[in-house]
Amino acid sequence: MSALNALIDGIGIALSWPTLLWLVLGVTLGIIIGAIPGLGPNLGMAVVLPLTLPLGGTNGIILLVGIYSGSMYGGSVAAILLNVPGTAAAAATTFDGYPLSRQGKAMLALSASAFSSATAGFMTIVALILISPILITVVLLFGSPEYFLIAILGLSMITIVAQGSIVKGLVAGAFGLLISTIGVAQQSPEVRYAFGYVELYDGLDFVAAILGIFAVAEMLKLATERGSIAKQSIDASGTPTEGVRAALGRRVLLVKSAFIGMFIGSIPGAGAAVSNFVAYSEAIRSSKNPDGFGSGDLDGVIAAESSNNGTVGGSLIPALSFGIPGSGATAVLLGGLLMHGLNPGPELFTTELSFTYAVFVSLFIGNIIILVVGLSLITRMEYLTRVDTQVLIPIVFVLAVSGAYILRTNWIDVLTVALFGIIGYYMFAHNYSIVAFILGMVLGDIAEENFLRSLEIADGSFLIFVGSWPSRMLVALTLLVLAGPFLKSALERSDESAG
Amino acid sequence: MPDTLATARELDTERALLLFFLVLGSALFALTFTFEYSTAALFPRLTAGAIIIGSVLLLAESWLPAPLQRVVAEPVSIADPDDEFDSAAEPAAATDELPTTRGVPDAVATFGLLLGYLLTSYLIGILWATPVFTLAYSWWFGQSRRTTAIIFTTAMVIVFAFYFLVDAPLEDGLLLEWIW
């Protein structure tokens with residue numbers, strides 16, 4: 001099937017019933033989840049993941065993608081109204097969004113945020129659709145050794161993009177990979193680490209682990225932050241159109257920030273939590289009035305909000321092409337794809353190309369929903385920020401436990417939620433990369449399969465991993481990525497001592 | 001003094017986590033030698049080996065030579081946001097003290113309640129354990145009647161939705177199976 005036919009099919013799928021309904025529901029839910037401080041796309045998508053089982057692959061993934069996209073805008077609501085970013089992706093929005101709110105311009109900031117988020121989403125999805133033929137060519141160049149190496153490269157990138165010790169990141173990734181080996185082995189009837197329990201023959205379900213890490217661990221973290229969310233009244237006077245007009249008047253900034261977000265999103269491990277700061281810094285650098293930032297400059301809100309929605313399109317590039325998520329949310333999305341039997345990589349760009357385009361088109365439509373819902377509910381947004389986060393804890397637990405149980409009606413999955421909840425809590429607390437762990441666990445089977453298949457092709461020789469130019473390039477990139485930060489700091493030190 | 005205690009507590013939990021990784025990695029590494037098929041052993045042996053090496057390096061961090069110590073411990077990032085922005089990334093806690101209820105840290109009580117919920121669910125089924133859990137949670141944290149009603153109703157809507165729409169056997173519990 002040609003790319004154009006697949007795109008037309010994709011448009012048909014995205015606009016069909018009830019797919020459109022799931023998209024509207026996903027985006028609206030995403031805006032709500034993003035707006036409630038303490039929640040966010042990772043948790044929202046994780047608890048919804050088991051519920052997508054009866055929906056089937058296409059509707060389930062479109063619902064998840066809708067939540068992801070909606071929460072990027074939703075995160076700005078609490079950032080602007082309360083100075084508390086609903087998600088890490090909206091952290092830079094607080095710098096100017098909250099001062100604007102204090103000046104009685106909350107409506108201006110919220111409407112500019114909705115318009116910037118939606119417009120940035122439109123542009124980057126169109127760009128994604130335009131570059132997809134190139135992506136298809138690149139993806140089809142890769143074979144088993146390259147797919148194994150790209151999983152290793154992804155893990156390495158995630159460990160260094162996420163702040164913290166590189167060794168901790170690698171331990172977290174290896175832990176995920178090791179956990180994925182529980183159960184019947186890939187290419188032999190060996191039952192590994194089941195200790196006689198039939199329930200463990202199929203291994204630990206990664207969706208249950210995701211629920212533990214993102215739902216339980218996040219809620220335990222929230223339990224230690226009791227009383228941290230401010231409660232105050234907000235002046236939301238004005239009209240939504242003034243924000244739209246103001247954003248339209250800053251077209252260059254909007255476009256630039258959107259593509260900064262898309263570029264950073266396409267780097268494995270670097271999600272919207274990074275891009276909003278980079279776009280904000282660039283907005284200050286290129287501004288004629290940099291001193292105004294931090295005290296209510298609308299440019300700051302537009303830069304941060306365009307970049308985080310731009311990241312959504314970018315993060316789908318490594319996630320769908322190579323199975324390497326750009327952030328926690330895309331890690332959950334990847335889990336959803338695998339849960340529905342959709343393997344990232346060549347499959348999504350050949351036999352499942354219509355599905356891939358349906359996801360892209362849904363994201364495009366999702367931005368219209370962000371604009372409509374964002375602008376029409378703007379005066380009601382304040383209520384979302386007033387939800388007592390402590391009320392959410394037992395509700396999220398019920399969702400996580402019931403969701404884990406329905407996966408396979410296996411109590412091991414429920415136990416997995418609790419176990420990974422506590423492990424995840426301490427991994428969060430001590431800066432171990434959670435995304436690296438999830439990536440390891442989600443990609444473990446694929447990585448092992450490609451690893452063993454490569455060795456089988458080469459009669460057990462590890463030289464196959466440097467046998468082709470893409471492999472050699474990937475090995476060199478991995479080494480560069482791992483050594484890069486140390487070379488950088490060594491250079492900085494030598495510069496300091498020379499200076 | 002409280003700062004010293006908090007740091008000590010943090011170090012202890014970090015060491016406990018590392019020891020967990022080390023013990024788990026070592027045990028699973030050793031078990032690969034009991035596998036009948038060598039292909040089944042290769043991948044878990046490599047990943048367990050990586051965990052063992054990483055955990056040992058982190059545990060022995062303070063005894064390592066300075067250049068290696070930097071590699072092991074130094075936070076690295078190729079996309080580090082400016083330091084001046086760091087504080088905004090996480091909402092600040094109201095106080096440095098961990099919140100407690102009835103003398104028990106809230107995170108501990110929350111996890112204890114979750115474990116109780118799991119155990120009760122296993123015994124009497126998720127459908128019947130959920131109201132018990134929501135009421136126990138609300139009682140422990142002293143929630144108002146209105147909040148308790150919201151939590152209770154929302155939780156029941158969720159489990160009944162799972163029960164009827166997904167047709168999940170949420171009423172199955174060990175004790176009830178035994179009784180009926």
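Biologist: What makes the pair E14(B) and K168(A) a salt bridge?

Modeller: In this predicted model, the closest N and O atoms of E14(B) and K168(A) are 2.8 Å apart. The cut-off for a salt bridge is 4 Å, between a side-chain nitrogen of Lys or Arg and a carboxyl oxygen of Asp or Glu. A distance of 2.8 Å is within 4 Å, so the pair is called a salt bridge. Side chains of opposite charge can pair when their charged atoms come close.

Biologist: How do you know where the pair E14(B) and K168(A) crosses, and from which helix to which?

Modeller: E14(B) sits in helix α1 of chain B, residues 2-31, and K168(A) in helix α8 of chain A, residues 166-179. The pair therefore crosses between chains.

Biologist: Why are E14(B) and K168(A) called buried or exposed?

Modeller: Buried means under 20% relative accessible area. E14(B) has 17%, so E14(B) is buried. K168(A) has 13%, so K168(A) is buried as well.

Biologist: How many salt bridges are there between chain A and chain B, and how many over all chains?

Modeller: Between chain A and chain B the count is one. Over all chains, the structure holds nine.

Biologist: What else describes the meeting of chain A and chain B, in residues in contact and in area buried?

Modeller: On the side of chain A, 79 residues are in contact with 80 residues of chain B. The size of an interface is often given as the accessible area lost when the parts come together. Here the area buried between the two chains is about 7,100 Å², and carbon and sulfur atoms give 78% of that area. Seven residue pairs are in polar contact between chain A and chain B, with both residues at pLDDT 80 or more. Helix α18 of chain A, residues 389-408, gives the largest share of the chain A side that touches chain B, namely 13 residues.

Biologist: What makes R408(A) and D205(A) a salt bridge?

Modeller: The N to O distance between their side chains is 3.9 Å. The cut-off is 4 Å, so R408(A) and D205(A) count as a salt bridge.

Biologist: Why is the pair of R408(A) and D205(A) said to tie together parts that are apart in sequence?

Modeller: R408(A) lies in helix α18, while D205(A) lies in the loop between β3 (191-192) and α9 (206-223), so the pair joins parts of chain A that are 203 residues apart in sequence. R408(A) is also in a network of salt bridges with D205(A) and D413(A).

Biologist: Which of the words buried, partly exposed and exposed fits R408(A), and which fits D205(A)?

Modeller: Partly exposed is the class between the 20% and 50% cut-offs. R408(A) has a relative accessible area of 27%, so R408(A) is partly exposed. D205(A) has 15%, under 20%, so D205(A) counts as buried.

Biologist: How do you know that R285(A) and E282(A) are about one turn of the helix apart?

Modeller: Both lie in helix α12 of chain A, residues 272-286, and are three residues apart. Their closest N and O atoms are 2.8 Å apart, and the two form a salt bridge. R285(A) is exposed, because its relative accessible area of 61% is over 50%. E282(A), at 17%, is buried, because that value is under 20%.

Biologist: Why is S113(A) called buried or exposed?

Modeller: The relative accessibility of S113(A) is 0%, which is under 20%, so S113(A) counts as buried. S113(A) is placed in helix α6 of chain A, residues 106-140. Leaving aside residues up to four places away in sequence, S113(A) touches Y73(A), S76(A), I80(A), V301(A) and E305(A).

Biologist: What makes the nonpolar surface patch?

Modeller: The patch is about 660 Å² and is made by V126(A), L130(A), I131(A), I134(A), V138(A), F364(A), I368(A) and V372(A). Elements α6 and α16 (353-376) of chain A each give two or more residues to the patch. The largest share, five residues, comes from α6(A).

Biologist: How do you know that I131(A) is accessible enough for a patch?

Modeller: A patch residue needs over 30% relative accessible area. I131(A), in helix α6 of chain A, has 33%, so I131(A) passes that cut-off and is partly exposed.

Technical notes:
Residues numbered from 1 in each chain as written. Chains lettered and ligands numbered in written order. Predicted model: local features only at pLDDT ≥ 70, side-chain atom pairs only at ≥ 80, totals over all residues. Heavy atoms only, no water. Helix = DSSP H or I, 4+ residues; strand = E, 2+ residues; numbered from the N terminus. Buried < 20%, exposed > 50% of the residue type's maximum accessible area, 1.4 Å probe, protein only. Contact = heavy atoms within 4.5 Å. Patch = residues over 30% accessible without salt bridge, like charges linked within 9 Å, V, L, I, M, F, W, Y side chains within 5 Å. Areas by Shrake-Rupley, 256 points an atom, 1.4 Å probe, with all protein chains shown as cover. Buried area = accessible area lost by both parts, 1.4 Å probe. Polar contact = N/O pair within 3.5 Å; in protein donor to acceptor, adjacent residues only side chain to side chain.
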